[in-house]
Amino acid sequence: MNHIHIPFISSADSNTPLEQIDVLMDSMPKHAIDNEPWPQFKSTSAAAFAIAHCGDAVLLKYYVKEDVIRSVMYRTNDPVHKDNCVEFFIALEAEQAYYNIEMNCFGICSMGYRFDGEERRFLPEGTIEKIRRNMILQSVPAGSGAKYEWQLTVIIPAEVFIFSQPGSLTGKKARANFFKCGDDLPNPHFLSWNRIVNDRPDFHLPEFFGTLEFGRTSDQ
């Protein structure tokens with residue numbers, strides 16, 4: 001099972017400019033989203049993420065390379081998993097329910113709350129819009145191994161976890177998984193950070209979440 005000790009950044013908070021967080025995250029360790037639980041869905045897509053926290057927010061940046069860009073979804077809580085998409089599922093502390101935050105390559109976001117085996121409850125648009133996002137999408141030179149590269153920097157305030165009200169994240173533990181997908185791309189793919197064992201594509205399997213520990217000591 002994968003585990004991440006998430007560094008605490010004392011020089012940032014949930015209101016820090018996104019451009020500053022974007023640069024800061026580039027200095028953090030990168031974690032690959034490179035498990036292919038369903039190898040019949042082959043893809044050349046490559047994805048990784050960096051994660052930190054500042055007490056009142058999760059700081060997250062995705063780094064993605066792939067050959068096709070599809071962005072059809074444009075409204076909050078649209079099924080963005082059909083586009084070029086990255087996802088973050090998290091269960092805080094000992095909770096059995098978990099939040100799933102899904103974003104396409106233009107930062108359109110869907111967020112839900114779900115108990116294993118139950119229908120997902122979508123969070124209100126006003127809550128989701130508190131998640132601040134900054135994206136960069138560019139083509140890359142020939143011979144670079146992919147046609148496009150995109151990055152998505154995200155500030156997720158703790159207050160959006162409305163059913164948990166965690167307050168400060170400092171010192172807390174969680175279970176989580178990180179994903180890269182594109183259900184309606186020419187070559188659909190389903191990549192995960194922590195390994196999943198299941199006979200068909202399904203990210204909603206909290207028994208395969210890895211673990212996170214939100215650090216207490218300043219790393220910046």
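**View 1. The lining of the largest pocket mixes 5 nonpolar, 2 polar and 7 charged residues.** This is a predicted model, and the pocket is a handy place to start looking around. The space inside the largest pocket comes to about 260 Å³. Its lining is made up of 14 residues, and the ones closest to the centre are His81, Glu87, Asp183, Phe203 and His204. If you want to find the pocket on screen, pick out those five residues and look between them.

**View 2. Here are two cysteines, Cys85 and Cys109, in a structure with 0 disulfides.** The search behind that count covered the whole structure. Start with Cys85: the nearest cysteine sulfur belongs to Cys181 and sits 4.1 Å away, and Cys85 is in no disulfide. A disulfide needs the two sulfur atoms within 2.5 Å, so the pair does not count as one. Cys85 is also buried, because its relative accessibility is 0%. Now move to Cys109, which is in no disulfide either; for this residue the nearest cysteine sulfur is that of Cys85, 9.1 Å away. Cys109 has a relative accessible area of 0%, so it too is buried.

**View 3. Leu212 sits in the largest nonpolar core, a group of 40 residues.** The residues with the most contacts inside this core are Phe88, Ile90, Ile156, Phe178 and Leu212. Zoom in on Leu212 and you'll see it touching Phe88, Ile90 and Phe178, among others. From the stretch early in the chain, His3, Ile4 and Ile6 also touch Leu212. Lys172, Lys173, Ala174, Ala176 and Trp193 are further contacts of Leu212, with residues up to four places away in sequence left out.

**View 4. Ser14 belongs to the loop between β1 (3-8) and α1 (18-25).** Although it is part of a loop, Ser14 counts as buried, because its relative accessibility is 11%. Follow the chain and Pro157 is 143 residues away from Ser14, yet their C-alpha atoms are separated by 5.9 Å. Leaving out residues up to four places away in sequence, Ser14 touches Cys54, Asp56, Ala57, Arg132 and Ile155.

**View 5. Asn35 meets a run of residues from another part of the chain.** You'll find Asn35 in the loop between β2 (31-32) and β3 (46-53). Its contacts, not counting residues up to four places away in sequence, are Phe190, Leu191, Ser192, Trp193, Asn194 and Arg195. Take Arg195 from that list: it is 160 residues from Asn35 in sequence, while the C-alpha to C-alpha distance is 5.9 Å.

**View 6. Val160 and Gln165 share the loop between β10 (148-157) and β11 (173-181).** Which of the two is buried, and which is exposed? Val160 is buried, because its relative accessible area is 0%, whereas Gln165 counts as exposed, because its relative accessibility is 69%. Around Val160 are Tyr99, Met111, Leu123, Thr127, Lys130 and Ile131, all touching it once residues up to four places away in sequence are set aside. Gly126 is 34 residues from Val160 in sequence, with 9.6 Å between their C-alpha atoms. As for Gln165, look at its backbone: phi is near 45°, a positive value in a residue other than glycine.

**View 7. Asn77 has a positive phi without being a glycine.** The angle is about 70°. This asparagine is placed in the loop between β4 (57-66) and β5 (85-92).

**View 8. Ala94 lies in the loop between β5 and β6 (98-104).** Is this residue buried or exposed? Ala94 is exposed, because its relative accessible area is 66%. Look across to Lys173, which is 79 residues from Ala94 along the chain: the two C-alpha atoms are separated by 8.2 Å. Lys173 may ring a bell from an earlier view, since it is one of the residues that Leu212 touches.

Note on methods
Residues numbered from 1 in each chain as written. Predicted model: local features only at pLDDT ≥ 70, side-chain atom pairs only at ≥ 80, totals over all residues. Heavy atoms only, no water. Helix = DSSP H or I, 4+ residues; strand = E, 2+ residues; numbered from the N terminus. Buried < 20%, exposed > 50% of the residue type's maximum accessible area, 1.4 Å probe, protein only. 1 Å grid on protein atoms, 1.4 Å probe; cavity = no way out; pocket = protein on both sides within 12 Å on 5 of 7 lines; lining within 4 Å. Points joined across faces, edges and corners; volume = space filled by probe spheres on them. Nonpolar A, V, L, I, M, F, W, Y, C, P; charged D, E, K, R; others polar. Core = buried A, V, L, I, M, F, W, Y, C linked by side-chain atoms within 4.5 Å. Contact = heavy atoms within 4.5 Å.
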